[in-house]
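These are my notebook entries on a single structure. I set down what I looked up, topic by topic.

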Amino acid sequence: MAKRRKTVVWILGDQLLCSHPALAQAESEDGREQMLVVLVESHGRLTKRPYQRKKLVLLLSAMRHYAADLRRHGYQVEVVKAASFGEGLKGIVASWRADQLICMAANDFNGRRFQQERLPDLLNIPVVVLPNRQFLTGQYDPYPDAEPEKRYLMEYFYRKMRRHFEVLVDGDAPAGGKWNYDRENRKPLPKDKEPPPIITFEPDAITGEVMEEVAILPTAIGTSTGFDLAVTREQALLAVEEFIGRRLVDFGPYEDAMSSQHSLLYHSKLSAYLNIGLLEPMELIRSAEAAYQSGAAPINSVEGFVRQILGWREYICWQYWRLMPAIYDWNYWEARHPLPRFFWDGQVDLACLNHVLRQAIQTGYNHHIERLMILCNFSLLAGVKPNEVNEWFLSTYIDAYDWVMAPNVLGMGLNADGGLIATKPYIASANYINKMSDHCGSCRYDRKKRIGDDACPFNTLYWNFLIQHEERLRANPRLGPNVLGLRHLDDHERLAVQQDAGRFLDRL
Ligand code: FAD
């Protein structure tokens, strides 16, 4: 009879899937008693950059809860603290005398390279890397023969995904008659509208212990105090239930709204759970679809939400794998300024930036429009170096991972790719911020002025950007009309805008 192999199953911290393919494979090959499940807490990884404490608590607590749950189900599990993933795995492979290691392909480029190229030599045993099944594009690729330089629009990508997975469709037609309800959405929040509070979770003993460890981690930013996120799949499912039952109904109309009073509005705050595998994309999509079918939520809200997950999230992941590693060399707008220090402490006198940055540092969360139209808009207009902006985002958010951050920040947010991911740079003056939020009313700057000491810097920088990049912008059919506004500026005003912008940027 052939000798039964001993297998180490390595579960990565952002792959806490309720049915993990590596567990199933190892169990079917040699049985549960022949396998040891390992989760590695790598000190090197946790301190690689100044990470948000709430993110570290979420990740470590979710890993430890996942391990405890597997033990309850009869698995042998070890949570290893080590200097690096390699060190941790080497130690466990040696002490367990493992014959092979099984894992699922990492969600990010460098992680996969490590698994495939370095790990077999480091461990000196066969390493089986199973296909990643955390994303829907792992099951269906809408453009299997995509060309490197070609543009693939999110809208058509998303329609293919809807048809393939039969989401919100009646036969070949979109449910409700339209593929896109963006026009019905994009409303500011009315003054008297009060979004419901979000469900929170009291830290248990495991989370409490992690909070104490993370509180004294010298490299981290923010605070672990007040941590109230879900750390198990059961809790994450409660968060889904709460979102679908209470906020989905108004998700569509107010998805682009910003408020100084409400940080979440009608958003789901589920990205952090999706990105570590506590939730899976299709279960969220089907829950939202069921709310439409039962009449609990209208089509514009349900389609808007499904678009975020089946559309944007999958599109971003698909673009990441198509464009890596070139993404990190992009700097289409030739930005050269360092990231302003106020990104790290929120000490800035623009009301919108101050509010958004303080939220980010304190909670590790901003909703999409705050990330895109406040932080990235400012960084693009101010010419901040793309990689410095990306590093800040990677450090600060509870849902930040390389695969999702790089295309969002460098592509969508800063247009550093010249338009492969988003067809136009998302730039806007104070006019947009005032239309979609209540920040300008309490700000020391005048949202109507573009020059002078009290002019809103978003205006000065916006017009300066148009002047600086007039030729390039004119060539973009989606931005031509904005550039036309420059006709109304005489030479004297152009010069004043450029001088004021220069002074503002020097002060940064
Ligand atoms: P909701 O508004 O409730 O949307 C539902 C879900 O859709 C989200 O949970 C998310 O999973 C998904 N989604 C929507 N848009 C995107 C998108 N562009 N890319 C990926 N998923 C999307 N998302 C992250 O998960 N991690 C990040 O690090 C991240 N960084 C971003 C940086 C920038 C500059 C921008 C413009 C966007 C970024 N996003 C990121 C996308 C999006 O802003 C967040 O997913 C969203 O704000 C999370 O909040 P929510 O769960 O309340 O989202």
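**Leucine 130.** I began with the contacts of leucine 130 in this predicted model. Leaving aside neighbours within four places in sequence, I find leucine 130 in contact with Pro21, Ala22, Gln25, Ile102, Cys103, Met104 and Ala105. Leucine 130 belongs to strand E5, residues 127-130. Its relative accessibility is 10%, and because the limit for a buried residue is under 20%, I enter leucine 130 as buried. I also looked up its separation from aspartate 454: the two lie 324 residues apart along the chain, and their C-alpha atoms are 58 Å apart.

**Glutamate 280.** I next turned to the loop between H9 and helix H10 (281-293), where glutamate 280 is found. Glutamate 280 has a relative accessible area of 18% and is therefore buried. With neighbours within four places in sequence left aside, its contacts are Leu17, Cys18, Arg133 and Leu274.

**Cysteines.** I then searched the whole structure for disulfides and found zero. Cysteine 18 is in no disulfide; the nearest cysteine sulfur belongs to cysteine 317, 19 Å away. Cysteine 18 has 49% relative accessibility and so counts as partly exposed. Cysteine 440 is likewise in no disulfide, the nearest cysteine sulfur being that of cysteine 456 at 6.3 Å. As its relative accessibility is 15%, cysteine 440 counts as buried.

**Nonpolar cores.** Which members of the largest nonpolar core touch the most other members? I list Leu248, Tyr273, Leu353 and Leu375, out of 156 residues in that core. The largest share of this core comes from H11, with twelve residues. Another core, of 21 residues, lies apart from it and includes Leu89, Val93, Cys103 and Leu119. As background, I note that nonpolar side chains tend to be buried together in soluble globular proteins. I looked up leucine 375 individually: not counting residues up to four places away in sequence, leucine 375 touches Phe343, Leu353, Val356, Leu357, Asn366, Glu370, Trp392, Phe393 and Tyr397.

**Helix H16.** Why do I describe helix H16 (residues 402-413) as largely enclosed by the rest of the structure? Eleven of its twelve residues are buried, so the description follows. Among the buried residues of H16 are Asp402, Trp403, Met405, Pro407 and Gly413. The cover over the buried residues of H16 includes helix H9 (271-275), helix H11 (299-323), helix H14 (368-381) and helix H15 (386-396). Just after H16, I noted that asparagine 415 takes a positive phi of about 50 degrees.

**Ligand shell.** My last entry concerns the ligand, which has 29 residues around it. Of these, His267, Ser268, Lys269, Tyr365 and Met405 come nearest. H9, H11, H14 and H16 each supply at least two residues of the shell, and H11 gives the most, with six residues. I checked polar atom pairs in turn. An oxygen atom of the ligand lies 2.6 Å from an N or O atom in the side chain of serine 268. At lysine 269, a polar backbone atom is 2.7 Å from an oxygen atom of the ligand. For glutamine 308, I record 3.4 Å between an N or O atom in its side chain and a nitrogen atom of the ligand. How much of the accessible area that the ligand has on its own does the protein cover? The protein covers 99% of the 810 Å².

Note on methods
Residues are numbered from 1 along each chain as its sequence is written. This is a predicted model: local features need pLDDT of at least 70, side-chain atom pairs count only at pLDDT 80 or more; totals for chains, interfaces and linings use all residues. Side-chain values use heavy atoms; hydrogens and water are left out. Buried means under 20% relative accessible area, exposed over 50%, partly exposed in between (1.4 Å probe, protein chains only). Helices (H or I, at least four residues) and strands (E, at least two) are DSSP runs, numbered from the N terminus. Contact means heavy atoms within 4.5 Å. A nonpolar core is a set of buried Ala, Val, Leu, Ile, Met, Phe, Trp, Tyr and Cys residues joined through side-chain atoms within 4.5 Å. A disulfide is a pair of cysteine sulfur atoms within 2.5 Å. A residue is near a molecule or strand if one of its heavy atoms lies within 4 Å of it. A polar contact is a pair of N or O atoms within 3.5 Å; within protein, one must be able to donate a hydrogen and the other to accept it, and residues adjacent in sequence count only if both atoms are side-chain atoms. Accessible areas come from the Shrake-Rupley method with a 1.4 Å probe; for residues, only the protein chains shown count as cover.
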